[in-house]
Amino acid sequence: MQTTYHYLKTRFGLQSSEEGATAIEYGILAALIAVVIIAAVTLVGEGLDVTFTDVADSLPEGEGTNE
């Protein structure tokens with residue numbers, strides 16, 4: 001088994017590269033963080049929209065305008 005592994009490694013230049021794996025891991029981590037941020041902003045944005053709509057609906061019409 002180890003002979004086959006050694007043959008493939010030397011024949012095809014299969015060297016273990018930690019840099020490539022690390023870069024991929026950081027890319028996946030950054031993508032997951034972006035998804036979490038987008039989801040949080042979306043949820044908070046919808047909540048704020050409802051809050052501001054409720055406040056605007058509770059205000060009497062015509063007050064606070066310069067017309």
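Me: What percentage of the 67 residues of the chain count as buried?
Reply: In this predicted model, a residue counts as buried when its relative accessible area is under 20%. The chain exposes about 6,400 Å², of which carbon and sulfur atoms supply 65%. Of the 67 residues, the share that counts as buried is 0%.

Me: How many helices and how many strands does the chain have?
Reply: One of the helices is H2, which runs over residues 18–58 and holds Leu 29. In total, the chain has zero strands and two helices.

Me: Is Leu 29 exposed, partly exposed or buried?
Reply: Leu 29 belongs, together with Tyr 26, Ile 33, Ile 37 and Val 41, to a nonpolar surface patch with about 520 Å² of accessible area. The range between 20% and 50% relative accessible area is called partly exposed. Because the relative accessibility of Leu 29 is 45%, this residue counts as partly exposed.

Me: Which residue has its backbone oxygen 2.8 Å from a polar atom of the side chain of Ser 58?
Reply: Ser 58 lies in helix H2, and, because its relative accessibility is 57%, Ser 58 counts as exposed. The backbone oxygen that lies 2.8 Å from a polar atom of the Ser 58 side chain is that of Val 55.

Methods. Residues numbered from 1 in each chain as written. Predicted model: local features only at pLDDT ≥ 70, side-chain atom pairs only at ≥ 80, totals over all residues. Heavy atoms only, no water. Patch = residues over 30% accessible without salt bridge, like charges linked within 9 Å, V, L, I, M, F, W, Y side chains within 5 Å. Areas by Shrake-Rupley, 256 points an atom, 1.4 Å probe, with all protein chains shown as cover. Salt bridge = Lys/Arg side-chain N within 4 Å of Asp/Glu carboxyl O. Helix = DSSP H or I, 4+ residues; strand = E, 2+ residues; numbered from the N terminus. Buried < 20%, exposed > 50% of the residue type's maximum accessible area, 1.4 Å probe, protein only. Polar contact = N/O pair within 3.5 Å; in protein donor to acceptor, adjacent residues only side chain to side chain.
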